[in-house]
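Hi everyone, thanks for making the time. Let's have a look at this one together, so please keep the picture in view while I talk.

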Amino acid sequence: MADKEQHKSQKYVNADAGMPDLPKRVIFAITFGFLGVNMGFSLQSSQMSRIFQTIGANPNNLGFFFIFPGLMGMIVQPLVGKYSDRTWNRFGRRMPYLLFGAPIAAAVLLMLPFSGLLGFGYGSMAAMVFAAFAVCFMDLFNNICMQPFRMIVGDMVNDRQKNFAWSWRQIFFNAGGILASLLPFIFTAFGMHNTAKRGVVPDTVIWAYIVAAVVLLTTSMWTVFNVKEYDPETYAKYHGIDPKAAKKNVSLLHLLKTAPRSFWELCVVQFFSWVAIMYVWTYTTGTLAKNVWHTTNPTSAGYQAAGNWYGVLTAILSVAGILWGFLYSHAKTTSRKKWYSFGLCMGGIGLCLFSFMHSKSMTILAFIMFGICYFTIHTLPFTLLTSSLNGENEGAYIGLFNIGICMPQIIASLLSFIIFPAVGHNQPSMMLIAGISLLIAAIAVKGVHEGVTVSHEDKESEDASTANA
């Protein structure tokens, strides 16, 4: 009862009302780097299952390997956010981390596809261990690159332009996904070998990773050298915070205890959203191979063709996301939750249908629907979260919020050891579970509150101070 009364005495306001509008060229520079970052993540999501099964991993154990990306993100992003909040040098506060992380991320991106050429042996423990470490390093430095891009939007873009900025962020993000996912298919069309000897990753996949590494480094450097961050005093002024308070070293545990209500509410939605995405990453290739190509043999031409088609579907979902992003960029700030719920519902229905589809052309429709959802999951939570923060410890909060993305992936991977055998080792059934999870997430959106919570007492105090001044 007391909690309800306290909630009634609160209202939600924007914390960045004093921030100026940014020129579109600046928003372009802030968001352009997502193009390269998502090439790495898209290859990881669309090709990792294929690569591990190609080098000899048991399909029953795929969930184990997908634990590592989530674990790395859960550790790295809060730390990058916390320490970058208190970093400042001639490159800025977020850009130094990108300047350091991007070259290493480009280099380690090449470890996984070459794992089959190092002579470990098909299905050997050495091959699995090396590939697991490759995934860890790849995700570690991809997250170091990703975090500054997310934080800079919250740092420099006011609430009026957040829909536009996060839409453009996701448009570039999806464009990177299109390019990365289509590369194996394109290379195959131009005559490159899409199969290889037992235990070796095909050339089409290896060269896709090489191109992704180059684009990741190039686009990241574009952002580093074309974005001038606000200095600490200007940042404090625009966000209406005390510059001295902003420099205090606050523990991550304390920030969790004092997190805005919307932080936890969004984490509930994110849980069911990312359980679904994890199962899409893990089981789409196997579902396509079984339902469309009628094979479960990872070394067969049909299975590799299914892997290529998943890349095409990933590109299609990215195109759908881009088109949806242009539409969403003009949405009213008061309608964000409706867009959020609708996007999740579209994805849930699409995945449920996909689990029963036996036609290549019909899978396109399912992934168009999932593409709308994918855009939604990568955009709306961060728009709502950054609108609920007051500028203090913003990087740390965005990093902590990533736990709400990574933890579901780890839990989903662990649960797969129970669920996958329970459904008869049937990968299409796992896609059905993913669709149901998204529908649950859509319902959970109703419980999310927007804006920074300010009590009436604080507001009255602020008004009194203004009047006396």
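Let me start with a question: how many disulfides does the count come to? One thing to keep in mind is that this is a predicted model. With a disulfide taken as two cysteine sulfur atoms within 2.5 Å, the count comes to zero. Take Cys373 as an example. Cys373 is in no disulfide, and the nearest cysteine sulfur belongs to Cys345, 9.2 Å away. That is beyond the cut-off of 2.5 Å, so Cys373 stays unpaired. Is Cys373 buried or exposed? Cys373 has a relative accessible area of 0%, so it is buried. Cys352 is buried too, at 16%, since the limit for that word is under 20%.

Now let's move to a helix. Please find α19, which runs over residues 427-444. α19 has 18 residues, and at 1.5 Å a residue they should span 26 Å. The C-alpha atoms at the two ends of α19 are 26 Å apart, so the expected span and the model agree. Which residues of α19 are buried? They are Gln427, Pro428, Met430, Met431, Ala434, Gly435, Ser437, Leu438, Ala441 and Ala442. If you look down the axis of α19, these buried residues fall within an arc of 165°, so they line one face of the helix. Here is some background for that: an α-helix has 3.6 residues a turn, so residues three or four places apart point the same way. And what covers the buried residues of α19? The cover includes α13 (261-291), α15 (336-354), α16 (360-386) and α18 (403-422).

Just ahead of that helix is a residue I'd like you to spot. His425 lies in the loop between α18 and α19. The phi angle of His425 is near 55°, a positive value in a residue that is not glycine. His425 has 42% relative accessibility, so it counts as partly exposed. There is another histidine to put beside it. His294 is in the loop between α13 and α14, and its phi is also positive, near 55°. Is His294 buried or exposed? At 63% relative accessibility, His294 counts as exposed.

On to the aromatic rings. How many aromatic pairs does the structure hold? There are 28. One of them joins Phe263 and Trp264: the ring centres are 5.1 Å apart and the planes stand at 80°, so this pair is edge-to-face. Phe263 is buried, at 1% relative accessibility, whereas Trp264 is partly exposed, at 42%. Another pair is Tyr328 with Phe375, where the centres are 5.9 Å apart and the planes are at 70°, so this one is edge-to-face as well. Tyr328 lies in helix α14 (residues 301-328) and Phe375 in helix α16, so the pair ties together parts that are 47 residues apart in sequence. Tyr328 is buried, with a relative accessible area of 1%, and Phe375 is buried at 0%. You can also pick out an aromatic cluster, made of Phe28, Phe32, Phe164, Trp168, Phe172, Trp222 and Phe326.

Some rings have a charge sitting over them. The charged end of Arg169 sits over the ring of Phe34, 4.6 Å from the ring's centre. In the same way, the charged end of Lys82 sits over the ring of Tyr83, at 5.8 Å from the centre.

Let's stay with Lys82 for a moment. Where is Lys82? Its place is in helix α5 (residues 67-84). Lys82 is buried, with a relative accessible area of 10%. Leaving aside neighbours within four places in sequence, Lys82 is in contact with Asn249, Val250, Ser251, Leu252, Gly395 and Ala396. Lys82 and Gly399 are 317 residues apart in sequence, and their C-alpha atoms are 7.5 Å apart in space.

My last stop is Gln304, back in helix α14. Gln304 is buried, with a relative accessible area of 5%. What does Gln304 touch, not counting residues up to four places away in sequence? The answer is Arg50, Thr54, Asn194, Thr195, Pro202 and Pro298.

That's my tour, and thank you for listening!

Definitions and conventions:
Residues are numbered from 1 along each chain as its sequence is written. This is a predicted model: local features need pLDDT of at least 70, side-chain atom pairs count only at pLDDT 80 or more; totals for chains, interfaces and linings use all residues. Side-chain values use heavy atoms; hydrogens and water are left out. Buried means under 20% relative accessible area, exposed over 50%, partly exposed in between (1.4 Å probe, protein chains only). Helices (H or I, at least four residues) and strands (E, at least two) are DSSP runs, numbered from the N terminus. The expected span of a helix is 1.5 Å times one less than its number of residues. The arc is that of the directions from the helix axis to the C-beta atoms. Contact means heavy atoms within 4.5 Å. Rings of Phe, Tyr and Trp (its six-membered ring) pair if their centres lie within 6.5 Å; planes under 30 degrees apart count as stacked, over 60 as edge-to-face and the rest as tilted. A charge sits over a ring if NZ of Lys or CZ of Arg is within 6 Å of the ring centre and within 35 degrees of the ring normal.
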